[in-house]
Amino acid sequence: MLLKQILSIALFAAALVPGVRAWSESPTAPAEGVLERLMPQLAPQFHLALVAKADHKDYFRITGTRGHIRVEATTQPTLLYGVNWYLKYVAHLQISPNGFQLGADGMKLPAPEAAIEKPALYPWRYALNENVDGYSTPYWDLKRWQHEIDILAMSGTNAILIERGMDLVLYQTFRDSGYSDEAIRRWIVQPAHQNWQLMGNMCCFEAPISMELLEKRSKSARQLIAMLRSLGIMPVLPGYYGIVPADFATLHPGAHVITQGDWNGFTRPGWLDPRDSNFDKLAESFYRHQHALYGDSAIYDLEIFQEGGGSGDVPVSAAKKVQEALQRKHPDALWMLLGWQKNPTQELLSALDTSHVLIAEIEQGRVPREDRDREFRGASWLYGGLWEFGGRTTMGAPLYDYAVRLPLMAKRPGSKIVGTAVFPEGLDTNPFAFDLYTEMAWHTDPVDLPQWADGYAMRRYGAEDAHARRAWQILLKTAYGYRADGNAEHGERDASQDSLFDAQPTLTALRAATWSPDVVRYDPAELAPALTEMLEVAPALRSTETYQYDLVDVARQAMANESRRLLPLIKQAYDTKDQGAFARLTKEWLEDMALQDDLLQTNSFFLLGRWLSYVPAWASSPAELERLNYDARSILTTWGDRKASEFGLHEYGNRDWAGLTSDYYQVRWKMYFDSLSTALATGKAPEIIDWYAFGDEWNHSRKAYDAAPRGDTYSAALAIARALKLNPTSQTEAHQ
């Protein structure tokens, strides 16, 4: 049934996708378009075919001769992953979210030694955390989104969440229920914060949203969904579970609306009792407008009671009415829920038809939950990979939990695991984890991680290199060596620690974001030599995008770790009133931040300017551009208004990005150190600095930042290595 759904969706709207040939020309034309966009020099050497097997199971098969590689599969995502498997394990090349290594110009692709055939182990290979639409994609244009879809398709993904455009559905739904145009546009938040409204966490921030923006986002969403469908990828859409404006009962006297209190300092939308007669009207309107704009899906995401929401005096069993409303419109659809914190509760699941429930279990990298089949009461579930929060740039992921525990759990008799879920809160960090995790959808047995890392290093840079191999073995044992332990005392331990350079200044900082880990899960001194090894990689391998990205990332992480060594020393100097040591150490701190900003400026993945460059095209007036600029900046810094920011949301989306480091983080630390220095000199208490006011002023700034990289990555990384006393053995020869 699931395979039939996946195949049928691929027939829709192929002719509507820009740059892709009509389906009538070739059933593989959309997949061929992916290859032409990502690797035009190699695409002609691949011959793709959609071939169903007699048993109707999905698979890919690779055969061919030199320069003529045939890949066949049942579905296009599997077909593209077959190409990816060939690139990785036959040609030793790499397509990655953070750069490509595709060999020399004119390369003839080698023939596989024998036919390679692998079955698709799971019906679903899902991607995207709800928060991605806030922390990564809110202002992306169609070209940028298409590139990401191409990468996800090459990684075998066959279901992707699309939240863009649901604001127009909400608008139309509540216009139907009697709200004025202005009232409902004041309720809908701006793009970078909108996904939290869809999850029932907040409303009204930086309102109103313009009608022009609603229409632009809807048009873009239709194009994105057409792209997905042409590739046989299921667009997962948000569903309706009862969020309403707080004053809904004023317009509809007698409506039973449950107030949901606060979420991290924001007032939540209300939740309408699903037994209320107004609920079915709203749900019908929501799904009718959604269908008219975007068509249908086999999976709908409805995050009822997310992160602290409650049912009040409504029995949780009333959620059955939510499911019934979904199934009236979409009888065979799956209701996707998150296995996150206390959700879904046993009480909720006991009220639902779990044969139509799909749970994305996203805590396996934090808590080794071994009894999910029983706890989920018969519901199918996805084994999630959540190694990053807030779009933070920190290097690290619990690879053991993906490489070893996932296949072992899936092999248990009666396992209800039906797929994987790529679930970081932001995109395009930790390509090492992304590559390993997406590959695990094709492994029946645990992967030998040291051996896998050696192969990764070779295909990442294009040849065997002892220094590259040693660098990745170091990273595997440190940044990627931790695993789920169930320890709830130290923050989000499924992710790695963020940089104290990014923290709101204080001498006692242990983390930048309120809920990020306050301890490092490895010895930073053991990671540092990875930078030396990276600098000693053979000069012939250094020109690839992949090496350039990794050199920045490793040097960045080594320097970020240095912040945790320096800050306690600065505190000690201040506490002992050692003005000389305090001046010397704070100077070193600020110089380190300057070196880091110089490094980050050399790579497009670490640029504030690139993030901001997508914003202006969405604005229809100078006033709207001001609002959208603030929206895009604040999600990185203060996050919300003063109440929400000081509640704990500030710095949640911190990034080691050029421009953000120099003009935000570094300026704050200089202000702070200056105040402490004055206090040491005068004996008076240090000045109290209003950090929210500082951040809010920066968020309203219109300073432009470079959207293209500049400078030499190797020289900038070498400067960091010198500062950290991690010089390669032969600096002269190393930079040939």
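Select W639 to begin: at 0% relative accessibility, this tryptophan counts as buried. You are looking at a predicted model, so treat each stop as a feature of that prediction. W639 sits in the loop between α24 (622–634) and α25 (642–649). Check its backbone while you are there: phi is positive, about 75°, although W639 is not a glycine.

**A second positive phi, and the largest pocket**

Next, select E307. Its phi is also positive, about 45°, and E307 is not a glycine either. You will find E307 in the loop between β15 (299–301) and α12 (319–329). Is E307 buried, partly exposed or exposed? With a relative accessibility of 26%, E307 counts as partly exposed, because the partly exposed class runs between 20% and 50%.

Keep E307 selected and add W340, Q341, R366 and E492. Together these five lie nearest the centre of the largest pocket, which has 33 lining residues. The volume of this pocket is about 660 Å³. If you colour the lining by class, you should get 16 nonpolar, 10 polar and seven charged residues.

**The second largest pocket**

Now move to N98, G99, E545, S604 and F605. These are the residues nearest the centre of the second largest pocket, out of 15 that line it. Which elements give two or more residues to this lining? They are β5 (99–101), α5 (142–154) and α21 (545–575). Helix α21 provides the largest share, three residues. The volume here is about 260 Å³, and the lining divides into four nonpolar, seven polar and four charged residues.

**Enclosed space**

Leave F605 on screen, as it appears again at the next stop. Rolling a probe the size of a water molecule over the atoms shows where empty space is left. For this model, the count comes to 11 cavities of 30 Å³ or more. The largest cavity holds about 290 Å³ of space. To find it, select L427, D428, F605, R610 and W657, the closest to its centre among the 21 residues that line it. Two elements give two or more residues to this lining, α21 and α23 (608–613). Its classes come to 10 nonpolar, six polar and five charged residues.

**A buried glutamine in α21**

Since α21 has come up at both of the last two stops, follow that helix to Q557, which lies in it. How accessible is Q557? Its relative accessibility is 2%, so Q557 counts as buried. To see what surrounds this side of the helix, show the contacts of Q557. Leaving aside neighbours within four places in sequence, Q557 touches T394, M395, Q497, Y522 and L527.

**Two helices side by side**

Select residues 399–410 for helix α15 and residues 431–439 for helix α16. Their axes come within 10 Å and cross at roughly 10°. The two helices are therefore roughly parallel to each other, as angles under 35 degrees are put in that class. The contact is made by L399, Y402 and A403 from α15, and by F432, A433, L436 and Y437 from α16. What classes do these contact residues fall into? Seven are nonpolar, with no polar and no charged residues.

**Two cis peptide bonds**

Turn on the backbone atoms and go to A207 and P208. The peptide bond joining them is cis, with omega about 0°. P208 belongs to the loop between α8 (194–198) and α9 (211–230).

Then jump to N343 and P344, where the peptide bond is also cis and omega is near -10°. P344 is placed in the loop between β16 (334–339) and α13 (346–351).

**Last stop: α28**

Finish by selecting residues 713–723, helix α28. Which of its residues are buried? They are T713, Y714, A716, A717, L718, I720 and A721. Just beyond, α28 is followed by K725, which has a positive phi near 60°. Compare that backbone with W639, where the tour began and where phi is positive at about 75°.

Note on methods. Residues numbered from 1 in each chain as written. Predicted model: local features only at pLDDT ≥ 70, side-chain atom pairs only at ≥ 80, totals over all residues. Heavy atoms only, no water. 1 Å grid on protein atoms, 1.4 Å probe; cavity = no way out; pocket = protein on both sides within 12 Å on 5 of 7 lines; lining within 4 Å. Points joined across faces, edges and corners; volume = space filled by probe spheres on them. Nonpolar A, V, L, I, M, F, W, Y, C, P; charged D, E, K, R; others polar. Helix = DSSP H or I, 4+ residues; strand = E, 2+ residues; numbered from the N terminus. Axes fitted to C-alpha atoms, helices over the stretch in contact; angles between N-to-C directions. Parallel < 35°, antiparallel > 145°, perpendicular 65-115°, else oblique. Contact = heavy atoms within 4.5 Å. Buried < 20%, exposed > 50% of the residue type's maximum accessible area, 1.4 Å probe, protein only.
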